[in-house]
Amino acid sequence: MAKGKVEFREEYCKGCSLCVNACPKQILALSKRTNAKGYNVAECNNMDECIGCASCAIMCPDSVITVYRD
């Protein structure tokens, strides 16, 4: 199975949670941390489970997610 890695540009995240809902492995969540604009940012809770499908990046309206595949 493919492995992936997800990176977020947190300074641009609005905390809309579209990526959270799009993840088939359900490993994304909104963090308790906030960015400079006061939004709870998205984060990956279990990078080892990421399959690199990029569903999260496709759903992100602000292009803050980059997905890498091994």
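Two strands are taken as paired if DSSP finds at least two bridges between them. In the predicted model described here, β2 and β3 meet this criterion, since four bridges join the two strands. The pair runs antiparallel and forms a hairpin with five residues between the strands. T34 stands opposite N40 in β3. Within the turn, G38 adopts a positive phi of about 90°.

The loop of this hairpin, between β2 (28-34) and β3 (40-44), also contains N35. With a relative accessible area of 11%, N35 falls under the 20% limit and is therefore buried. A polar atom of the N35 side chain lies 3.1 Å from the backbone nitrogen of K37. When residues up to four places away in sequence are not counted, N35 touches E10, E11, C13 and V41. The residue thus combines a place in the hairpin loop with a buried setting.

At the level of the whole chain, two helices and four strands are present. Read along the sequence, these elements follow the pattern β-α-β-β-α-β. The radius of gyration is 11 Å, close to the 11 Å that the globule rule gives for 70 residues, so the chain is as compact as a globular protein of that length. Along its principal axes, the C-alpha trace spans about 35 × 20 × 20 Å. Of the contacts with a separation of 6 or more, 61% are accounted for by residues 24 or more positions apart. Buried residues make up 27% of the 70 residues. The chain exposes about 4500 Å², and carbon and sulfur atoms supply 48% of that area.

In soluble globular proteins, nonpolar side chains tend to be buried together. In the present model, the largest nonpolar core comprises 15 residues, of which V6, F8, C19, I27, L28, C56 and I65 touch the most other members. At least two residues of this core are supplied by each of β1 (4-8) and β3. The largest share, three residues, comes from β3. The surroundings of V6 were examined further. Leaving aside neighbours within four places in sequence, V6 is in contact with M47, C50, C56, I65 and T66. Two of these partners, C56 and I65, are named with V6 among the core residues that touch the most other members.

Backbone conformation was considered next. Most residues other than glycine have a negative phi. A54 departs from this tendency, with a positive phi near 70° in a residue other than glycine. The position of A54 is in the loop between β3 and α2 (55-59). At a relative accessible area of 21%, A54 is partly exposed, because this value lies between the 20% limit for buried residues and the 50% limit for exposed residues.

S63 likewise has a positive phi, of about 50°, although S63 is not a glycine. This residue is placed in the loop between α2 and β4 (65-69). S63 has a relative accessibility of 53% and therefore counts as exposed, the cut-off being over 50%. The residues described in these loops thus include N35, which is buried, A54, which is partly exposed, and S63, which is exposed.

Technical notes
Residues numbered from 1 in each chain as written. Predicted model: local features only at pLDDT ≥ 70, side-chain atom pairs only at ≥ 80, totals over all residues. Heavy atoms only, no water. Buried < 20%, exposed > 50% of the residue type's maximum accessible area, 1.4 Å probe, protein only. Polar contact = N/O pair within 3.5 Å; in protein donor to acceptor, adjacent residues only side chain to side chain. Contact = heavy atoms within 4.5 Å. Core = buried A, V, L, I, M, F, W, Y, C linked by side-chain atoms within 4.5 Å. Rg over C-alpha atoms; globule rule 2.2 N^0.38 Å. Areas by Shrake-Rupley, 256 points an atom, 1.4 Å probe, with all protein chains shown as cover.
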